Amino acid sequence: MKQGRGLLVGIDDYGKGNGLHGCEEDVKRLLPLLSKHENGQVNFDCRTLVSSQQNVTSECLKEQIVRLFDTKADHTLFYFSGHGNDEFDGSFCTWSRSSDSLGVPFNYLLQCAHEALSRGYTSQVIILLDCCFEFKIWEMSLVYLVYCLILYGLSIMASFRDDEY
């Protein structure tokens, strides 16, 4: 295995209104902090996915999540800054010109993380969420999350209250 791998996602532009400000800036500021340790040694080999460089569609995000977890690494990190959705099982909203695309389900990310841990592709998965409805994503995915927690090495960080959106 080699050093850590990371995927940092920041979506300000959703193509149908309801844009955000600051998600891409979060990615820009996190990239140097995660890429190297204080002493300059490589930490996470991070790729970024931001809406100013391409339309971050559901298909695009799913493809990048699979790519992240299909490569062996000591640690694997996923960071998402953008809109969340409380429909179905909770999801990360993605770019779309229509309202019929609700994004990528949170359980999809958990399934990919679970498979990577099970196959020994990584020893630790770190998920950082900075999106609306983090509580709903957590709540709706609890059954799958309990299943995933049987595996060592899964950490999820999100700041939320159940009344925040």
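Is glutamate 25 buried, partly exposed or exposed, and what is its relative accessibility? In this predicted model, glutamate 25 counts as partly exposed, because its relative accessibility of 33% falls between the two limits that separate buried from exposed residues.

The setting for this residue is a protein chain whose secondary structure comes to five helices and eight strands, with the elements following one another from the N terminus in the order β-α-β-α-β-β-β-β-α-β-α-α-β. Of the 165 residues in the protein chain, 45% are buried, and the chain exposes about 8,600 Å², of which carbon and sulfur atoms supply 51%. Among the contacts with a separation of 6 or more, 71% are accounted for by residues that lie 24 or more positions apart.

Two salt bridges are counted in the structure. In one of them, glutamate 25 pairs with arginine 29, and the closest N and O atoms of the two residues are 2.9 Å apart. Both partners belong to helix α1, where they are separated by four residues, or about one turn of the helix. Arginine 29 is exposed, with a relative accessible area of 56%, whereas glutamate 25 is partly exposed. Helix α1, which spans residues 23–35, also holds lysine 28, a residue that is exposed at a relative accessible area of 58%. The C-alpha atom of lysine 28 is separated by 9.3 Å from that of valine 50, although the two residues are 22 residues apart along the chain.

The other salt bridge joins the side chains of arginine 119 and aspartate 70, with an N to O distance of 3.4 Å. Arginine 119 lies in helix α3 (residues 106–119), while aspartate 70 lies in the loop between α2 (58–69) and β3 (75–82), so this pair ties together parts that are 49 residues apart in sequence. Both partners are partly exposed, since the relative accessible area is 42% for arginine 119 and the relative accessibility is 41% for aspartate 70.

As for covalent links between cysteines, a disulfide is a covalent bond between the sulfur atoms of two cysteines, and a search of the whole structure finds zero disulfides. Two cysteines may nevertheless be described by their accessibility: cysteine 60 is buried, with a relative accessible area of 12%, and cysteine 112 is likewise buried, with a relative accessible area of 11%. Both values count as buried because they fall under 20% relative accessible area.

Terms used: Residues are numbered from 1 along each chain as its sequence is written. This is a predicted model: local features need pLDDT of at least 70, side-chain atom pairs count only at pLDDT 80 or more; totals for chains, interfaces and linings use all residues. Side-chain values use heavy atoms; hydrogens and water are left out. Helices (H or I, at least four residues) and strands (E, at least two) are DSSP runs, numbered from the N terminus. Buried means under 20% relative accessible area, exposed over 50%, partly exposed in between (1.4 Å probe, protein chains only). A disulfide is a pair of cysteine sulfur atoms within 2.5 Å. A salt bridge is a side-chain nitrogen of Lys or Arg within 4 Å of a carboxyl oxygen of Asp or Glu. Contact means heavy atoms within 4.5 Å. Accessible areas come from the Shrake-Rupley method with a 1.4 Å probe; for residues, only the protein chains shown count as cover.
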